[in-house]
Amino acid sequence: MDFITVELFGITWFRPNNLLTNILVGMVGIYLFLRVDRKNQQKDSYLYLWMGFFLLVGLGGTIGGFAHAFNYDFPEVRHTYLHKIAWSVGGAGLFLGELAAIQFIPNKTIRKILQVLSTLVLLYYIFFLYYSHEYNLGNFNHFDIVRFHSVYALLVVILPIHIFSLIQRQNTGAWWVIGGIATLATTVIFYNYKISFHEWFDFNDISHFLEIICLILMCIGILEGYEKLKGGQLAVNE
């Protein structure tokens, strides 16, 4: 499909609609960061990690939007700088979400193993993100690396741990987290089949709105779970 371009301030803006929805992702991320911060009266590291998750995932999306928007007039910025910065920021946010979720694991040894594993995955992610051009990876490109890390963070770490907390600890807030991740998973359908409602609201915009819904649902669930933690109904790091 043909993407929209707009001339503004002497710059050709590529896919401005995607930029706007990416900025919205960033704004929602900042709002959720502030919302969790207001709840964090006890200065709990668990909530600090989730604050970082929402902030960095949101900002990563916004930076990525500008990376696309500058594609025409500043292609070297897009390919060499902004995209990798965006994916690095977003990846760091996912990593913080992993560390937060891992706190639900009651066994200290398993918790430590998962923390080390997530750290190694992040380091490999950053390495391949910046140096994959030096290796012959076939059809495996930068965005595939981003997808792999997202799948690991959300489906391998955060989702199973919240299912565990729901079953073993009666953390009903986990339902919201599970629903948020399930909502985000539907973006695969829109992205792979390029399903769009309008040229100004294409499959990328739909994916961004689903990401926003995911972040909001996850925030609701995390705060609900934390209220139970404070009430002694759950215990992190027993």
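**Overall architecture and helix packing**

From the N terminus on, the elements of the protein chain follow the order β-β-α-α-α-α-α-α-α-α. The model described here is predicted. In total, the protein chain contains eight helices and two strands. Of its 238 residues, 48% are buried. The surface exposed by the chain amounts to about 12100 Å², and carbon and sulfur atoms supply 66% of this area. Contacts were also examined by separation along the sequence: among those between residues at least 6 apart, 69% join residues at least 24 apart.

The interior was then considered. The largest nonpolar core comprises 48 residues, and those with the most contacts inside it are Tyr 46, Trp 50, Phe 53, Phe 54, Ile 158, Met 218 and Ile 222. At least two residues of this core are supplied by each of helix H1 (16-39), helix H2 (45-69), helix H3 (75-102), helix H4 (108-131), helix H5 (142-169), helix H6 (174-185) and helix H8 (203-230). H5 provides the largest share, with ten residues. Phe 54 illustrates the surroundings of one core residue. Leaving aside neighbours within four places in sequence, Phe 54 is in contact with Gly 29, Leu 32, Phe 33, Val 36, Leu 215, Met 218, Cys 219 and Ile 222. A second core, separate from the largest one, has seven residues, including Ile 11, Ala 67, Ala 69 and Leu 82.

Two helix pairs were examined in detail. Two packed helices are described by the angle between their axes and the distance between the axes. For H1 and H2, the axes come within 8 Å and cross at roughly 165°. Because angles over 145 degrees count as roughly antiparallel, H1 is roughly antiparallel to H2. The crossing in which H1 passes H2 is left-handed. On the H1 side, the contact is made by Leu 19, Asn 22, Ile 23, Val 25, Gly 26, Gly 29, Ile 30, Leu 32, Phe 33, Val 36, Asp 37 and Lys 39. The H2 side contributes Leu 47, Met 51, Phe 54, Leu 55, Gly 58, Leu 59, Gly 61, Thr 62, Gly 64, Gly 65, Phe 66 and Ala 69. Phe 54 thus belongs to this helix contact and is also listed among the residues with the most contacts inside the largest core.

For H4 and H5, the packing angle is about 165°, and the axes are 9 Å apart. H4 and H5 are therefore roughly antiparallel to each other. H4 passes H5 in a left-handed crossing. In this pair, Leu 114, Leu 117, Ser 118, Val 121, Leu 122, Tyr 125, Phe 128 and Leu 129 of H4 meet His 142, Ile 145, Val 146, His 149, Tyr 152, Val 157 and Ile 161 of H5.

Individual positions in H3 and H4 were examined as well. Ser 88 is located in helix H3. Ser 88 counts as buried because its relative accessibility is 15%, and the cut-off for burial is under 20%. Residues up to four places away in sequence not counted, Ser 88 touches Tyr 125, Ile 126, Leu 129 and Tyr 130. Of these partners, Tyr 125 and Leu 129 also take part in the contact of H4 with H5. Val 116 lies in helix H4 and, with a relative accessible area of 43%, is partly exposed. Between Val 116 and Leu 99 there are 9.9 Å in space, C-alpha to C-alpha, and the two are 17 residues apart in sequence.

Definitions and conventions
Residues numbered from 1 in each chain as written. Predicted model: local features only at pLDDT ≥ 70, side-chain atom pairs only at ≥ 80, totals over all residues. Heavy atoms only, no water. Helix = DSSP H or I, 4+ residues; strand = E, 2+ residues; numbered from the N terminus. Buried < 20%, exposed > 50% of the residue type's maximum accessible area, 1.4 Å probe, protein only. Contact = heavy atoms within 4.5 Å. Areas by Shrake-Rupley, 256 points an atom, 1.4 Å probe, with all protein chains shown as cover. Core = buried A, V, L, I, M, F, W, Y, C linked by side-chain atoms within 4.5 Å. Axes fitted to C-alpha atoms, helices over the stretch in contact; angles between N-to-C directions. Parallel < 35°, antiparallel > 145°, perpendicular 65-115°, else oblique. Left-handed = near helix turned anticlockwise from the far one by under 90°.
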